[in-house]
Amino acid sequence: MSLVSPVATDALQNWLAHQRAIKGAAENTLTAYQGDVIDFLAFITQHKAEPQGLRALSKISVTEMRAWMAHTRGTGVGARSLARKLSAVKAFYKWLAEREGFEPTAVLSTRAPKFQKKLPRPVAADAARNLIDAIEMQSQEPWVAARDVAVVTLLWGCGLRISEALSLRGADAPLPATLRITGKGGKERIVPVLAAAQVAVQDYVAQCPYAITQDTPLFFAVRGGALGPGAIQKVMARARMQLGLPSTTTPHAMRHSFATHLLNAGGDLRAIQELLGHASLSTTQAYTAIDTARLMEVYDRAHPKA
């Protein structure tokens, strides 16, 4: 017996298509949604020992939701991951209920497990500068060193995701004063480009042995073709080990650093949200928590306690 009934599978695929077309969800997000909802549907099927059509799915109870959550936690899934899975199931059920005309209260009222949100781990400004200097020393090929410096400078100086930096095309060079970046979910934003990033990219372009044209990737791998994120992750890992920086010093940490350094310099939270391409201000507000946490550390160290 198939773990998920054909009618439930069809409903899931229709929901994913809706998320892709109407909500503009990224493919990675859709893959995660699909896995989370299939896991839920498979559990309910086994729990009830019979195929679950739409009518049966509309009658899910609070007890069954609790059983699913307990089972999932029992497999070693943490509170944060379970909360994500529950969020996907709720989104699917909200859509399904509107389409099929039933009341999804049991699912939507289920509370997510509490967990402490991880704060972004930015790199201090001086450490970021040292890191870029160290990255330049990692390759014996001058053009590769220039390439790696250019990519990391874009992450730090423009707040780009690594996927966004590596998606730049030859047509984007030389870098203009602003870049139009397409981020998660197809959301577009305008990002100012620092002079240091313009210079770093131009230095790389001048040394690159491959022909960079309007139709080619801007950043090439050593053997040609588009550069992948793994190469940048590896070079950063080597550089951070040499400098004694923590394992949290990743390409994405440079994006965090962009936001934190702007905030520390008095940047407006809404403006930083736009520059990062965050859909929700609450995501950007995590950086204010970093600032507050640092302030409390200084307070604890410096305050003359009685």
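Reader: How many disulfides does a search of the whole structure find?
Author: Zero. To count as a disulfide, two cysteine sulfur atoms have to lie within 2.5 Å. Keep in mind that this is a predicted model, where local features need pLDDT of at least 70, side-chain atom pairs count only at pLDDT 80 or more, and totals for chains, interfaces and linings use all residues. Numbering runs from 1 along each chain as its sequence is written, and side-chain values use heavy atoms, with hydrogens and water left out.

Reader: What makes Cys-158 count as buried or exposed?
Author: Buried means under 20% relative accessible area, exposed over 50%, and partly exposed in between (1.4 Å probe, protein chains only). Cys-158 has 0% relative accessibility, so it's buried. Cys-208, at 11%, counts as buried too.

Reader: Why is the pair of Trp-15 and Tyr-33 called tilted?
Author: Rings of Phe, Tyr and Trp (its six-membered ring) pair if their centres lie within 6.5 Å; planes under 30 degrees apart are stacked, over 60 edge-to-face, and the rest tilted. By this rule there are eleven aromatic pairs. For Trp-15 and Tyr-33 the centres are 5.3 Å apart and the planes sit at 35 degrees, so the pair is tilted. It links distant parts of the chain, with Trp-15 in helix α1 and Tyr-33 in helix α2, 18 residues apart.

Reader: And what about Tyr-33, buried, exposed or partly exposed?
Author: Tyr-33 comes out at 24% relative accessibility, so it counts as partly exposed. Trp-15 is at 0%, so that one is buried. Both belong to one aromatic cluster, whose members include Phe-40 and Trp-68.

Technical notes
Helices (H or I, at least four residues) and strands (E, at least two) are DSSP runs, numbered from the N terminus.
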